Amino acid sequence: MKFFLDTANLDQIKAAHDMGLLDGVTTNPSLVAKEGKDFKTLVNEICKITAGPVSAEVVSTECEAMVREARDLRKIASNVVVKLPTTAEGIKALKICSTEGISINMTLVFQPIQALIVAKVGAAFCSPFIGRLDDVGEDGMQLIRDIRLIYDNYGFPTQLLAASLRHPMHVVEAAKIGADIGTMPYDVFQKLWKHPLTDIGLERFLSDWKKTGAKP
Ligand code: E4P
């Protein structure tokens, strides 16, 4: 399973990259707004840190304008992936962009049929939002199971990008199901290797070692 960071924060992206755990980045307009920087400059900076796919989302809602934005974003770097919303206009834009060879991540996917549709039209990535479904009392992880089954039934090459992951168990469950990618905020990423027994165990090893008087 590939790990993407769901952030536009350069320090966080660099930290994950330095650990050798960063396979790509997803951003969205809310995450970009938080950084208070020029959008295209920021995307360019992210692309300098990672060679993996970096999703940058359009903010237009009409097909023609979305395609214009997509062509523009694509020029920033060769690893830019354009994010389009899964609306009728977004799907039309997906059709045009995928024909032009622009790699597209279809976002805001909340039901299996949306995932089937975007795969049929040529999305490179499909982003179902797990946490947001859980928030409204639905089973977000079931959506990942359903999409995995559908994509495998037909051999779609679209990558299943489990998004809106809120805690490490979301990452584990998505990996067990076979999501191609999990994108997570930095606070979730930092919890992935944490276990109290690891910390307690290390503390004990070190204090026992200290008693020997030996140098490290
Ligand atoms: C995905 O690409 C989205 O940016 C993201 O995962 C949304 O997550 P949230 O529901 O935590 O905002």
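A molecule counts as sitting in a pocket if more than half of its atoms lie within 2 Å of the grid points of that pocket. By that yardstick, the ligand in this predicted model sits in the largest pocket.

The overall picture comes first. The chain runs to 216 residues, and 45% of them count as buried. Its secondary structure adds up to 11 helices and eight strands. Taken along the principal axes, the box filled by the C-alpha atoms comes out at roughly 70 × 40 × 30 Å.

Back to the ligand and what is around it. The surrounding shell takes in Asp6, Thr26, Asn28 and Lys83, along with Phe129, Arg132, Ala163, Ser164 and Arg166. Sorted by residue class, that shell comes to four charged, three polar and two nonpolar residues. Several of these side chains also turn up in polar contacts. Lys83 has a side-chain N or O atom 2.7 Å from an oxygen atom of the ligand, and a polar side-chain atom of Ser164 likewise lies 2.7 Å from a ligand oxygen. For Asp6, the distance between an N or O atom of the side chain and an oxygen atom of the ligand is 2.8 Å. As for surface, the ligand taken alone exposes 340 Å², and the protein buries 87% of that.

Thr26 and Asn28 belong to the shell, and the residue numbered between them deserves a look of its own. Thr27 is found in the loop that links strand E2 (24-26) to helix H2 (29-35). Its relative accessibility is just 1%, and because the cut-off for buried is under 20%, Thr27 counts as buried. The side chain of Thr27 has a polar partner as well: one of its polar atoms is 2.7 Å from the backbone oxygen of Ser55.

A second buried position is Leu161, which belongs to strand E7, covering residues 159-162. With a relative accessible area of 0%, Leu161 falls under the 20% limit and is therefore buried. Leu161 also pairs up in space with a residue from elsewhere in the sequence: Ser127 is 34 residues away along the chain, yet the two C-alpha atoms are separated by 4.9 Å. Both stretches have neighbours in the ligand shell by number, with Phe129 on one side and Ala163 on the other among the surrounding residues.

Methods: Residues are numbered from 1 along each chain as its sequence is written. This is a predicted model: local features need pLDDT of at least 70, side-chain atom pairs count only at pLDDT 80 or more; totals for chains, interfaces and linings use all residues. Side-chain values use heavy atoms; hydrogens and water are left out. A residue is near a molecule or strand if one of its heavy atoms lies within 4 Å of it. A polar contact is a pair of N or O atoms within 3.5 Å; within protein, one must be able to donate a hydrogen and the other to accept it, and residues adjacent in sequence count only if both atoms are side-chain atoms. Accessible areas come from the Shrake-Rupley method with a 1.4 Å probe; for residues, only the protein chains shown count as cover. On a 1 Å grid over the protein atoms alone, a cavity is a set of points where a 1.4 Å probe fits but cannot get out, and a pocket is an open set with protein on both sides within 12 Å along at least five of seven lines; lining residues have an atom within 4 Å of a point. Ala, Val, Leu, Ile, Met, Phe, Trp, Tyr, Cys and Pro count as nonpolar, Asp, Glu, Lys and Arg as charged, and the others, Gly among them, as polar. Helices (H or I, at least four residues) and strands (E, at least two) are DSSP runs, numbered from the N terminus. Buried means under 20% relative accessible area, exposed over 50%, partly exposed in between (1.4 Å probe, protein chains only).
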